[in-house]
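Grab a pencil and open the viewer. Try each exercise yourself before you read its solution.

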Amino acid sequence: YERLEILGDSVLKLLATAHFFFSFQHYSEGQLSLKRNRYISNHNLFNVAVDVHLQKYLLKPYYSGWWR
């Protein structure tokens, strides 16, 4: 499962990067990186999963600030 997790993380980063790259053409590389990292952080993704009721499918019942 960890190998699939790496693949999924890479695809998510690619899609987010492409979206921000074309949506915010006036942003610098650093600004784009900060925006992408803010939106696809484990903390943010966990909150989104809870908002759309996916928490029953998560292996951890809560976000402790540490995600392996």
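**Exercise 1. Find out how confident the predictor is about this model, overall and helix by helix.**

Step 1: Start with the whole chain. This is a predicted model, and the mean pLDDT of the protein is 85. A score of 70 or more is reached by 84% of the residues.

Step 2: Now go helix by helix. Confidence is highest in helix α2 (residues 29-39), with a mean of 93, and lowest in helix α3 (residues 42-51), with a mean of 85.

Step 3: Keep a reading rule in mind. Where pLDDT is low, the predicted coordinates should not be read in detail.

**Exercise 2. Describe the overall build of the protein.**

Step 1: Count the elements. You should get three helices and zero strands, and along the sequence they give the pattern α-α-α.

Step 2: Check how much is tucked away. Of the 68 residues, 10% count as buried.

Step 3: Look at the outside. The protein exposes about 6100 Å², and 61% of that comes from carbon and sulfur atoms.

Step 4: Check the contacts. Take those between residues at least 6 apart in sequence: 24% of them join residues at least 24 apart.

**Exercise 3. Decide whether F46 and L7 are buried or exposed.**

Step 1: Locate F46. You'll find F46 in helix α3.

Step 2: Apply the cut-off. F46 has a relative accessible area of 9%, so F46 is buried, as buried means under 20%.

Step 3: Measure across the chain in your viewer. F46 and L58 are twelve residues apart along the chain, and their C-alpha atoms are separated by 8.9 Å.

Step 4: Turn to L7, in helix α1 (residues 2-23). Its relative accessible area is 52%, so L7 is exposed; the cut-off here is over 50%.

Step 5: Look at the company L7 keeps. L7 forms a nonpolar surface patch with L4, V11 and L15, and together they have about 410 Å² of accessible area.

**Exercise 4. Work out which residues I40 touches.**

Step 1: Place I40 in the loop between α2 and α3. With 15% relative accessibility, I40 counts as buried.

Step 2: List the partners, leaving out residues up to four places away in sequence. I40 touches L12, K13, A16 and L45.

Step 3: Add a long-range distance. I40 and D9 are 31 residues apart along the chain, yet their C-alpha atoms are separated by 9.1 Å.

**Exercise 5. Look at the charged residue K35 and say what surrounds it.**

Step 1: Find K35 in helix α2. K35 is buried.

Step 2: Search for a partner of opposite charge. K35 has no salt bridge, and the nearest side chain of opposite charge, E29, is 17 Å away.

Step 3: See what K35 does touch. Not counting residues up to four places away in sequence, K35 touches F20, F24 and Y27.

**Exercise 6. What is the phi angle of H53, and where does H53 sit?**

Step 1: Read the angle. H53 has a positive phi of about 65°, although H53 is not a glycine.

Step 2: Put H53 on the map. H53 lies in the segment after α3.

Step 3: Finish with accessibility. H53 comes in at 57% relative accessibility, so H53 counts as exposed.

Definitions and conventions
Residues are numbered from 1 along each chain as its sequence is written. This is a predicted model: local features need pLDDT of at least 70, side-chain atom pairs count only at pLDDT 80 or more; totals for chains, interfaces and linings use all residues. Side-chain values use heavy atoms; hydrogens and water are left out. pLDDT is the predictor's confidence in each residue, from 0 to 100. Helices (H or I, at least four residues) and strands (E, at least two) are DSSP runs, numbered from the N terminus. Buried means under 20% relative accessible area, exposed over 50%, partly exposed in between (1.4 Å probe, protein chains only). Contact means heavy atoms within 4.5 Å. Accessible areas come from the Shrake-Rupley method with a 1.4 Å probe; for residues, only the protein chains shown count as cover. Patches are made of residues with over 30% relative accessible area and no salt bridge: like charges are joined within 9 Å, nonpolar side chains (Val, Leu, Ile, Met, Phe, Trp, Tyr) within 5 Å. A salt bridge is a side-chain nitrogen of Lys or Arg within 4 Å of a carboxyl oxygen of Asp or Glu. Lys and Arg count as positive and Asp and Glu as negative; His and the chain ends are not counted.
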